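Got the model open in your viewer? Here is a tour, stop by stop, with what to select and what you'll find there.

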Amino acid sequence: MNAPELILVLRYRKAVTYGFHALLGALGEHETATRYEVRFGESVEETARHIREAGNVRTLVLWSFYSPDAAALAEELKQVRQLADGPNVTHLAGGVHATAEPVQTLDAGWDMAAIGEGESTLISLVDAKGDPSGITGLAYRDASGAVKKTGKAKQRPLDDFPGFALKWGKINALEITRGCVYACRFCQTPFMFSARFRHRSVGNVRWHVDQMRARGFRDVRFITPTALSYGSQTEEPNLAAVEELLASCREGIGPGGRVYFGSFPSEIRPEHVTRETLRLVKKYCDNTNIIVGAQSGSDRVLDAAKRGHGVEEVKRAARLGIEEGFRINVDMIFGMPGEGQEDVDDSLDLARELADLGARIHAHTFMPLPGTPWRDAPPGDVAPATISEVDRLSRRGALYGHWQKQRDHAARLAAAAEAYPRPGRSRTILPTIPSGADVDRAGSAIPPGAGVSSRSGRGGQPRSPES
Ligand code: B12
Ligand code: SF4
C-alpha cells in the first residue's frame, strides 16, 4: 500500500466527541485524491506518539473543545509540543471556542483556528494535503505575524453530510437541527450557526437509524437546540413534522430499540410543553424524563436574557409533564447579569415549588461564554445563603449539577474576556444603569430593549460574534 501523504491526529477526549464524529462522517463519505490516515489520541502521550510515528509526513493535529476547557487544553498543547513536534506538524483547533475567540486560540499556541462549521473546511484541507491557502473558515498568522482570516466557513444543508462516522465506528446522538431562531443572551448556538433552523430530513434521519440498527445499536438520541422545533422555521412547533420523524425512527430501530426525544442531550422549551406534545413523545419514545429549559424564576431576568418565555410557562410545563407521568428535569442558571437578590429569591422559590411537585433542578452558575452577547458580563456568583439553600435541595435529591465548578470557569472566562476587549461592543448590552432607564423593584436597571414584559428576543437576528 502507498504511504500516506497526510496524517490526521485527533486529540480525542470522551467529554466532547460529537463535533469530531460529524467531521469524520463528512470525511468518510468524501472522495479525495489525498492518501490520508486518521489516528485517535486519547491522552497527551498517545497524541504525541502518533505525531512522532508520523515521521516527516505532513501531520494535522485536530483539537475540539468548549470554552471552559480552553485554558486546560492550551496546557496540554504545550505538553504535546514538548513531547513531539516538527516543521511538518500543524495544530488546528476548531469548535465553539475557536470560532468565538480565534485570536485567543492562536495566542494560546495553536497554529490555526477553524471558524464555524467544520465539515467543508476539513475536507478541503484534506484535498489540499493540509495546505490552508485558499480555504475558507480558517484563521492563522501570516509571516508578518498578522492574523489572517479566510472568510466564512461554508454552511451546507445537514443532509449533505452524515451526522456521525460509520467508517470509524463512531456513532452518537444524531444532530437533527442546527442553528436556532431564539437569541438567548447566554447561549452561543444562534451566533455560531445562524439564527434560523436547518433540519435534517426525515428520510436522511431514517437512513442513519437503519445504519445503526444494522450495526446492533439500539438507542436513538438527538442533538437539537430545541427538540419540538423540529421541522419548523418559526417559534411554533410543527407537530406533523415531529410525528413523522418519531414514527419513522420508531419503525426504523425496530422492536427492542429505543427512541429518546426531549431528554439528554437535548431539551424542550417550556412553552412547547402541552398535553398533545407530551402524548406524542409518550406514543413513540422511551424516555421517562424530559429536560425543560427554565433558566430563572424571575421574569425580569428571563426578559433581560431574551428567553422568550416567562416563569408561568415553566410551572405549567412541569405540572403537565408530571401529570402525564414524566420525570421533569428543569435547567436553571444562577448569577445571570443584573440578577438582584429578589430575582435569586424568586429562583429559589421556583426551585422549591418545582421540587415539591416532584421535578429535579439542574443548577448552573452563569458563565460569560465566548460567542454570546453576554461574553463580557461579570462572572456569575452565588451568595452563601443561596448556596446553603441550593445544598439543602441537593441533599433532598431535588437538585444536581456542576454549579460550583462553573463558578471557577466563570471567573476564568471573565478574566480572558477582559484581556481581549471588544472595542465598542463590550458592556453596552448589559443591565447597567443608563440615565432615565426604568428601574425595577430591586433597584437595578432594566437594559434598553429588555423591558419587563417585552419579548424582544423572540426570533431576533443575532450578529455573528466576530462581526
Ligand atoms: C451536546 C452538547 C454537549 C454534550 C457533548 C457530548 C459529546 N460527547 O460531544 C455535553 C452534555 C457533554 C456538553 C457539556 C457541556 N457543554 Co455543551 N452543548 C452541547 C450542544 C447541545 C450540542 C453540541 C454538538 O455536539 N453539536 C453538534 C456538533 C456537530 O457541532 P459542534 O460540536 O459545534 O461541531 C461543529 C463545529 O463546531 C466544528 N468543529 C468542532 N470541533 C472542531 C475541530 C476542528 C479541528 C474543526 C476543523 C472543526 C470543528 O465542526 C463541527 C461540525 O460542523 C451545544 C449547543 C448546540 N445546540 O450546539 C452545547 C454547547 C456546545 N455546550 C456548551 C457548554 C458551555 C457546555 C458545558 C461547559 C456546560 C456545563 N454544563 O458546564 C459542558 C462541558 C463540556 C466539556 N467538558 O467541555 C456551550 C459551549 C459554549 C462555549 N463557547 O464554550 C454550547 C454551545 C451551549 C451554549 N450554552 O451556548 N455539551
Ligand atoms: S432556545 Fe435559547 S438557549 Fe436554547 S439553543 Fe436557542 S438560543 Fe440557545
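Select proline 265: it counts as partly exposed because 14 C-beta neighbours fall inside 10 Å (20 or more other C-beta atoms within 10 Å would make a residue buried, 12 or fewer exposed, with C-beta atoms placed from the backbone). Proline 265 sits in the loop between β13 (258-259) and α10 (275-284); helices (H or I, at least four residues) and strands (E, at least two) are DSSP runs, numbered from the N terminus. Leaving out residues up to four places away in sequence, proline 265 touches Ala173, Arg221 and Ile223, where contact means C-beta atoms, placed from the backbone, within 7 Å. Now add alanine 15: its C-alpha atom is 13 Å from that of proline 265, though the two are 250 residues apart along the chain.

Some housekeeping before moving on. This is a predicted model, in which local features need pLDDT of at least 70 and side-chain atom pairs count only at pLDDT 80 or more, while totals for chains, interfaces and linings use all residues. Residues are numbered from 1 along each chain as its sequence is written, and chains are lettered from A and ligands numbered from 1 in the order in which they are written.

Next, colour by domain: domain 1 is 6-149 and domain 2 is 158-374 + 382-403, with bounds from an automatic or database domain assignment. Their centres, taken over C-alpha atoms, are separated by 30 Å. Where they touch, domain 1 contributes 19 residues and domain 2 contributes 20 residues. On the domain 1 side, α1 and α4 (96-100) are the elements giving two or more residues, and α1 has the largest share, with 8 residues. That side divides into 8 nonpolar, 7 polar and 4 charged residues (Ala, Val, Leu, Ile, Met, Phe, Trp, Tyr, Cys and Pro count as nonpolar, Asp, Glu, Lys and Arg as charged, and the others, Gly among them, as polar).

Which element gives the largest share of the shell around ligand 1? Select ligand 1 and see: α1 again, with 4 residues. The shell holds 37 residues, the closest being Tyr18, Gly19, Ser64, Gly94 and Gly118; a residue belongs if its C-beta atom, placed from the backbone, lies within 6 Å. By class that makes 19 nonpolar, 14 polar and 4 charged residues. Each of the two domains supplies at least three of them.

Jump to ligand 2. Around it are Cys180, Tyr182, Ala183, Cys184, Cys187, Thr189, Pro190, Pro225 and Thr226, a shell of 7 nonpolar, 2 polar and no charged residues.

Now helix α6 (residues 119-127), where 8 of the 9 residues are buried. What covers those buried residues includes β1 (6-11), α1, β2 (36-41), β3 (58-64), β5 (112-114) and β6 (138-141). Just past α6, look at lysine 129, with its positive phi of about 55 degrees.

Last stop: the largest nonpolar core, 117 residues, in which Leu92, Phe186, Val292, Val330 and Ile361 touch the most other members. A core here is a set of buried Ala, Val, Leu, Ile, Met, Phe, Trp, Tyr and Cys residues joined through C-beta atoms within 7 Å. Helix α1 (residues 18-29) gives the most to this core, 6 residues, and each domain adds at least three. Finally, find the second, separate core of 5 residues, including Ala100, Phe191, Met192 and Phe193.

Terms used
Contact = placed C-beta atoms within 7 Å.
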